[in-house]
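Hi everyone, and thanks for coming. I'd like to walk you through a structure that may be new to you, so have a look at it first.

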Amino acid sequence: MQTRYATNPEQIPGFDTAALRDRYLVEGLFVDDGATAVYTHHDRVVLVGVKPVSGPVTLPPYPEIRSDYFFEHREAGIVNVGGSGRATIDGESFEMATGSCLYVGMGAASVEFESDAAAEPARLYIFSAPAHTRYPTTLVPAGGGIRRELGDPLTSNRRTLNQYIHENGVRSCQVVMGVTELHPGNMWNTLPAHTHDRRTECYLYFGLPDEARVVHILGEPTETRHLVVANEQAIIAPSWSVHSGVGTASYSFVWAMAGENQSFDDMDGFAISDMR
Ligand SMILES: O=C(O)C(=O)C[C@H](O)C(=O)CO
Ligand SMILES: [Zn+2]
């Protein structure tokens, strides 16, 4: 597991492109038959990418979280951005079709993932945060949560936002998770851009053609920087950072948050004309 310590907005002007990428961009999450993990000290979120190809992959008890098993004092939301597969949690099997979201509650001792077909492997994106109690492990089919239609094709940001794990749906201690799909020909996500000083948020971009990129905006609204992001790479947005972007093709992204509260609409928006 890679560890990344928390950063401060005052550091941003001193970071060059490589330093920004080292701190906020997560690359190489999906390795054949691997479980690749990054621990950020921002709200103690752990991101894991699992790609079972030749057989099942078990989620290991990483030493950095000092527990006998991964979910001893954690919970997670998991979205499958690859081919169909399944998660087996303490012997119970959950079929994970492409785009489905599984909430795994604290206490799950044995967690294993498998693909239906090696030729089209599942790619399980896991967003985990510390938990204080156990909520039931629950599967949500793709498109099965609350749907919000946002944006306008005239401003190239028409998108469908699906809320899967949230305070009025599948319950959790901290994790709030969903998937936003840009409609064909729409390139901008999350306008107006916002911060939520009470939560860290991570985006995993997916469904982006190999040769396309998302230019992702981060930093305080009046001191922004950008990162050029490829398919199936993730961004860590600390509580003080905006998170918005424009693609050279349309795409989807898994968004997930943890921190002080779970109120989706607790966000401070910024008009693009006020951003720098
Ligand atoms: O399309 C959007 O707008 C989003 O997906 C916004 C994210 O859900 C988000 O940043 C929530 O805080
Ligand atoms: Zn946000």
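Here is a question to start us off: what spacing do the donors of the zinc ion (ligand 2) follow along the chain? The pattern is H-x1-H-x4-E-x41-H. Keep in mind as we go that this is a predicted model.

Let's put names to those letters. H194 (NE2), H196 (NE2), E201 (OE) and H243 (NE2) coordinate the zinc ion (ligand 2), at 2.1 to 2.2 Å. The site counts six donor atoms, with angles among them of 75 to 178 degrees, and its geometry is octahedral.

How do the residues here sit relative to the surface? Take H196: its relative accessible area is 2%, so this histidine is buried. E201 has 4% relative accessibility and therefore counts as buried as well.

Now let's turn to the cysteines. How many disulfides does a search of the whole structure find? The result is zero. Take C101, which is in no disulfide: the nearest cysteine sulfur belongs to C202 and lies 15 Å away. A disulfide needs the two sulfur atoms within 2.5 Å, so a gap like that rules one out. C173 is in no disulfide either, and its nearest cysteine sulfur, that of C101, is 15 Å away.

And are these two cysteines buried or exposed? C101 has 0% relative accessibility, so C101 counts as buried. C173 has a relative accessible area of 13%, which means C173 is buried too.

That's my tour, so please jump in with your questions!

Note on methods
Residues are numbered from 1 along each chain as its sequence is written. Chains are lettered from A and ligands numbered from 1 in the order in which they are written. This is a predicted model: local features need pLDDT of at least 70, side-chain atom pairs count only at pLDDT 80 or more; totals for chains, interfaces and linings use all residues. Side-chain values use heavy atoms; hydrogens and water are left out. Buried means under 20% relative accessible area, exposed over 50%, partly exposed in between (1.4 Å probe, protein chains only). Donors are N, O and S atoms within 2.8 Å of the metal (3.2 Å for Na, K and Ca); water is not among the atoms, so sites may look incomplete. Four donors count as tetrahedral if all angles lie between 85 and 135 degrees; four count as square planar and six as octahedral if opposite donors are over 155 degrees apart and all others between 65 and 115; anything else is irregular.
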